[in-house]
Amino acid sequence: MGLISAVIEWGKIGELLWVAPLAGLAVAITYSFMIVGFARADEARRDGDGRIAGMAYSLLAVVSTAAFLAVVVYGVVIIVKK
Amino acid sequence: MDSDIVLYIVVATALAFDFTNGFHDTANAIATSISTRALSPRAAVLMSAVFNFAGAFVSLAVAATVAQGIVQADAVTPTIVFGALIGAIAWNLATWWFGLPSSSSHALIGGMIGSAFVAKGASVIEVDGVIEKVILPALIAPTLAFTVAGVSILVAYRVVGRQRPGVVNRGYRLGQLVTGSLFSLAHGTNDAQKTMGIITLALIAHGNLNADSFDVPTWVVVSSATAISLGTYFGGWRIIRTMGSRIIKMDPAQGFSAQGAGSAVVLTASHLGFPLSTTHVISGGIMGAGAAKRLSAVRWGVAGNIALAWALTLPCSAVIGGLAYGMTQVFGDEALGVVLVSLLVIGLVAAAFGTRVRRGPAITAAASSTPASAKA
């Protein structure tokens, strides 16, 4: 048991257990908000609803897209730097 | 002359392993994309093949770590490597035959353990390394991906819950192009380099390269990248079918969550220097995305078969690797033994594939894209 404990890098595992869920959630949240932003902005434009709502949803779409792309680019950087 | 023949055969066997690695692991990156119709089967394998090819050129850091910490480096000979490769290829083909996703890396490690054990005894096996590089990651990868994908799909459903399904499905299908490409790139970077490392080790053991600097020759990089991408393009359709539709019947949001969570787990682990099997991660992700929606949505019988295949990967590939090495020694002369074992394996594989092809197009893209009603 002692041997196994000595081999395992608990620090890395601990970090993995909180960073990976955070990264996974970042992907899901940013992309889902991107879909909502584009869908709602499009609806607001078509239905002629308030310009402010349309602009707010467009802003949500742009910010979410930027955040999602940033996560993806960071992923590519990790792959390249390995 | 004898050692030259062994080296040529080891290089050819390593490239054959690389092909089966690509072929076997195609499903990891694209099964969910095909299942949710984000991509057609042929477009999906083409995309994955291109990113696997590109990934092989990105970095050579993994190549130097092959078999490190598993068996003592100075004990490895080209014939031991040959036995290891035969063990890994045999296990990859056996699990493909039954449509079960399993880790090619663990199969290679198992083959190496078995082959080295028969050649040099138990003292050259580094048990600590096996625990750290095989057993622990095999427990963490699917559990973590299961949890992350499960939470991700719940969050995704919550965020997009009030939107029209058509828009949502189109959106997530588009997102799968990105996550699938990322997964393929990560796979190419990791797995093509295992073969590069194996060939380079054989070249060093043969005296063609300097042992002090682990420089991978360009022809090794190009041939390994080509073999894995060709294998990927060929497509392991049986495993794609298992991962894409037999574990859960998934919608585009679930496919995206499984792939997104899988990419996040694989890349985070890679960043921390704790590499995980892409097969274990994506399988766990698919099960998590299904179970979070409804526990009964997961076909637990299929999941159990997959878990059993994972548990058997190391011992079975070790036994085959050990047997292959042992058979090469029966004839005394190393080159003759290696040649005869190669011919035997080629014959067995040809017979198995020949039988399969005669039975129908179950190993082709056409079979995967044929509607179930048409097959019935």
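Me: How far does helix α2 (residues 41-58) of chain B reach from its first C-alpha to its last?
Reply: This is a predicted model, in which local features need pLDDT of at least 70 and side-chain atom pairs count only at 80 or more, while totals for chains, interfaces and linings use all residues. Residues are numbered from 1 along each chain as its sequence is written, with chains lettered from A and ligands numbered from 1 in the order in which they are written. Helices are DSSP runs of H or I with at least four residues, and strands are E runs of at least two, both numbered from the N terminus. With 18 residues, α2(B) is close to the 26 Å expected at 1.5 Å a residue (times one less than the number of residues), and its reach is 26 Å.

Me: Which Phe residues of α2(B) are buried?
Reply: A residue is buried if 20 or more other C-beta atoms, placed from the backbone, lie within 10 Å of its own. The buried residues of α2(B) include Pro41(B), Met47(B) and Asn52(B), and among them are also Phe51(B) and Phe53(B).

Me: How many helices are there in chain A?
Reply: From the N terminus on, the elements of chain A run α-α-α. Chain A has 0 strands, and its number of helices is 3.

Me: Which helix gives the most to the side of chain A that touches chain B?
Reply: In all, 29 residues of chain A are in contact (C-beta atoms, placed from the backbone, within 7 Å) with 43 residues of chain B. On that side of chain A, α1 (2-7), α2 (10-47) and α3 (51-81) each supply at least two residues. The helix that gives the most, with 20 residues, is α2(A).

Conventions
Contact = placed C-beta atoms within 7 Å. Buried ≥ 20, exposed ≤ 12 C-beta atoms within 10 Å, placed from the backbone.
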